[in-house]
Amino acid sequence: MDLTGRHYTWFQNRACEYFPCHDDVAEEEFNCLFCYCPLYRAENCGGAFVVKNGVKNCSYCLLPHNSESFAYIAAKLREENMFPEKP
């Protein structure tokens, strides 16, 4: 999916008191668009998570914060039937 020039695929909120919430992504590349990952409910989200006492913990997952996150998450939402196709 070519997202060149599609500015809605990336957002950064440097005023956030948690920015950056992960140390493993360079600040200039950090994508805040999916601060809360829409794939949280997906059993097979593709991210790095652990389940402890039946609760999914995504604290160490960087998937929603990289520059390719929009294309991956949009495709995965469609695959999981959690996001409608374009009309």
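**Briefing: fold, core and pocket of a predicted chain**

The secondary structure of the chain consists of one helix and two strands, where helices (H or I, at least four residues) and strands (E, at least two) are DSSP runs numbered from the N terminus. From the N terminus on, these elements follow the order β-β-α. This is a predicted model, in which local features need pLDDT of at least 70 and side-chain atom pairs count only at pLDDT 80 or more, while totals for chains, interfaces and linings use all residues. Residues are numbered from 1 along each chain as its sequence is written, and side-chain values use heavy atoms, with hydrogens and water left out.

**Burial and surface**
- Of the chain's 87 residues, 31% count as buried (under 20% relative accessible area, 1.4 Å probe, protein chains only).
- The accessible surface of the chain is about 6,500 Å², computed by the Shrake-Rupley method with a 1.4 Å probe.
- Carbon and sulfur atoms account for 53% of this accessible surface.

**Contacts and core**
- Among contacts (heavy atoms within 4.5 Å) between residues at least 6 apart in sequence, 48% join residues at least 24 apart.
- The largest nonpolar core has eleven residues: Phe34, Cys37, Leu39, Ala42, Cys45, Cys61, Leu63, Phe70, Ile73, Ala74 and Leu77.
- Such a core is a set of buried Ala, Val, Leu, Ile, Met, Phe, Trp, Tyr and Cys residues joined through side-chain atoms within 4.5 Å.
- Cys37, one of the core residues, touches Pro64 and Ile73, not counting residues up to four places away in sequence.

Notes. Buried means under 20% relative accessible area, exposed over 50%, partly exposed in between (1.4 Å probe, protein chains only).
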